[in-house]
Amino acid sequence: MPDDLTLPEPVGSFPAAGQPVPQHWSRCFGCGDQSPAGMSMSFTAGEGLDVWGRLEVAPRYQGGPGVIHGGILSTAFDEALGMVCRSIVDGPVVTGHLEIDFARPIPLGSVLEFHARIDGSIRRKVYASAEARIVEGPTADPDVVVATSRGLFLTVTAEHFEKTKDFVDGVPERPFGTSSI
Ligand SMILES: CCCCC/C=C\C/C=C\C/C=C\C/C=C\CCCC(=O)SCCNC(=O)CCNC(=O)[C@H](O)C(C)(C)COP(=O)(O)OP(=O)(O)OC[C@H]1O[C@@H](n2cnc3c(N)ncnc32)[C@H](O)[C@@H]1OP(=O)(O)O
């Protein structure tokens, strides 16, 4: 992380603490309500530049016997880190870099809670980090961090999606230009 990062003020469009942070795009695999095979993650604004996220670890997310697939967990972190960027960016961001530390096995049937925060930003770059805990299920312990993540997100303009917009499956009820907060 660069050492000349700043911590901006929250944007006015970001929900108040405790309020839901809406999906950013209804077809999103991580958070969209028009992605039937997706993960249906939900998010709540924190007290500052942070969000809380929730993922129910469904049986179809299996990697090793009885445990979550690492790619699914990575996707969940990507989503949580992307969501927290909305606290300081009133527009689209995309992931440039994502890293994960897998600290404990996460059994199917768990409910994971994610806490993601802004570490700082400079120019178009937003650095964020997050941790996950099992809050419900067979090995639930809210004091144990089961995985951590850090990511770099880049602000982009709507033109970023011009080249791929024709590949959207079906007709979304809420195009991303109107589904954002
Ligand atoms: C799924 C898409 C999301 C749809 C969004 C729709 C609406 C969104 C609304 C709000 C979003 C809210 C929430 C989002 C939540 C979850 C989102 C999941 C996000 C994803 O899942 S998204 C899919 C995966 N993602 C991609 O599909 C990106 C592919 N990629 C590119 O499109 C380009 O690669 C891009 C744009 C990243 C950069 O390209 P570019 O040309 O614009 O910028 P450039 O290269 O000039 O870099 C500028 C500065 O970033 C530094 N920099 C760049 N990359 C770096 C790296 N990897 N490591 C270290 N530094 C890096 C440079 O060093 C320079 O730094 P400096 O300023 O210091 O010079």
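**View 1. A nitrogen atom of the ligand lies 3.0 Å from a polar backbone atom of Gly96.** This is a predicted model, in which local features need pLDDT of at least 70 and side-chain atom pairs count only at pLDDT 80 or more, while totals for chains, interfaces and linings use all residues. Residues are numbered from 1 along each chain as its sequence is written, and side-chain values use heavy atoms, with hydrogens and water left out. Two further contacts join Gly96 in this view: one ligand oxygen is 2.7 Å from an N or O atom in the side chain of Arg124, and an oxygen of the ligand is also 2.7 Å from an N or O atom in the side chain of Lys125. The protein covers 58% of the 1,300 Å² of accessible area that the ligand has on its own (Shrake-Rupley method, 1.4 Å probe; for residues, only the protein chains shown count as cover). A polar contact here is a pair of N or O atoms within 3.5 Å; within protein, one must be able to donate a hydrogen and the other to accept it, and residues adjacent in sequence count only if both atoms are side-chain atoms.

**View 2. The ligand sits among 21 residues, of which Asp78, Gly96, Arg123, Arg124 and Lys125 come nearest.** A residue is near a molecule or strand if one of its heavy atoms lies within 4 Å of it. Sorted by class, this shell has 9 nonpolar, 6 polar and 6 charged residues; Ala, Val, Leu, Ile, Met, Phe, Trp, Tyr, Cys and Pro count as nonpolar, Asp, Glu, Lys and Arg as charged, and the others, Gly among them, as polar. Which elements each supply at least two residues of the shell around the ligand? They are helix 1 (70-85), strand 3 (93-102) and strand 6 (145-155). Helices (H or I, at least four residues) and strands (E, at least two) are DSSP runs, numbered from the N terminus.

**View 3. Strand 4 and strand 5 (residues 125-136) form a hairpin with 2 residues between them.** The two strands run antiparallel and are joined by 11 bridges; strands pair if DSSP finds at least two bridges between them. Along this ladder, Glu113 has Arg133 in strand 5 as its bridge partner, and Val111 is partnered by Glu136. Now zoom in on the turn: Arg123 lies in the loop between strand 4 and strand 5 and has a positive phi of about 50 degrees although it is not a glycine. Arg123 counts as exposed because its relative accessible area is 70%, where exposed means over 50%, buried under 20% and partly exposed in between (1.4 Å probe, protein chains only). Arg123 is also one of the residues that come nearest to the ligand.

**View 4. Strand 4 (residues 111-122) is mostly covered, with 9 of its 12 residues buried.** Besides strand 5, its partners include strand 2, with which strand 4 pairs in the antiparallel sense over 7 bridges. Look for Glu56, which stands opposite Val111 of strand 4. A pairing further along involves strand 5 and strand 6, antiparallel over 9 bridges, where Val126 faces Phe153 in strand 6.

**View 5. Strand 1 and strand 2 form a hairpin with 4 residues between them.** Strand 1 and strand 2 (residues 50-56) pair in the antiparallel sense over 4 bridges, with Phe43 opposite Gly53 in strand 2. Which residues make up the covered face of strand 1 (residues 42-45)? Phe43 and Ala45 do, while Ser42 and Thr44 form the uncovered one. In a regular strand the side chains alternate between the two faces of the sheet.

**View 6. Ser40 is found in the segment before strand 1.** Is this residue, Ser40, buried or exposed? Ser40 counts as exposed because its relative accessibility is 54%. Like a residue in View 3, Ser40 has a positive phi of about 50 degrees although it is not a glycine. The C-alpha atoms of Ser40 and Arg54 are separated by 8.9 Å, with the residues 14 apart along the chain.

**View 7. Gly170 is found in the loop between strand 6 and helix 2 (176-179).** Gly170 counts as exposed because its relative accessibility is 53%. Its C-alpha atom is separated by 39 Å from that of Leu7, 163 residues away along the chain.

**Confidence for the views above.** The mean pLDDT of the protein chain is 94, and 95% of its residues reach 70 or more; pLDDT is the predictor's confidence in each residue, from 0 to 100. For the complex, the predictor gives an ipTM of 0.94 and a pTM of 0.95.
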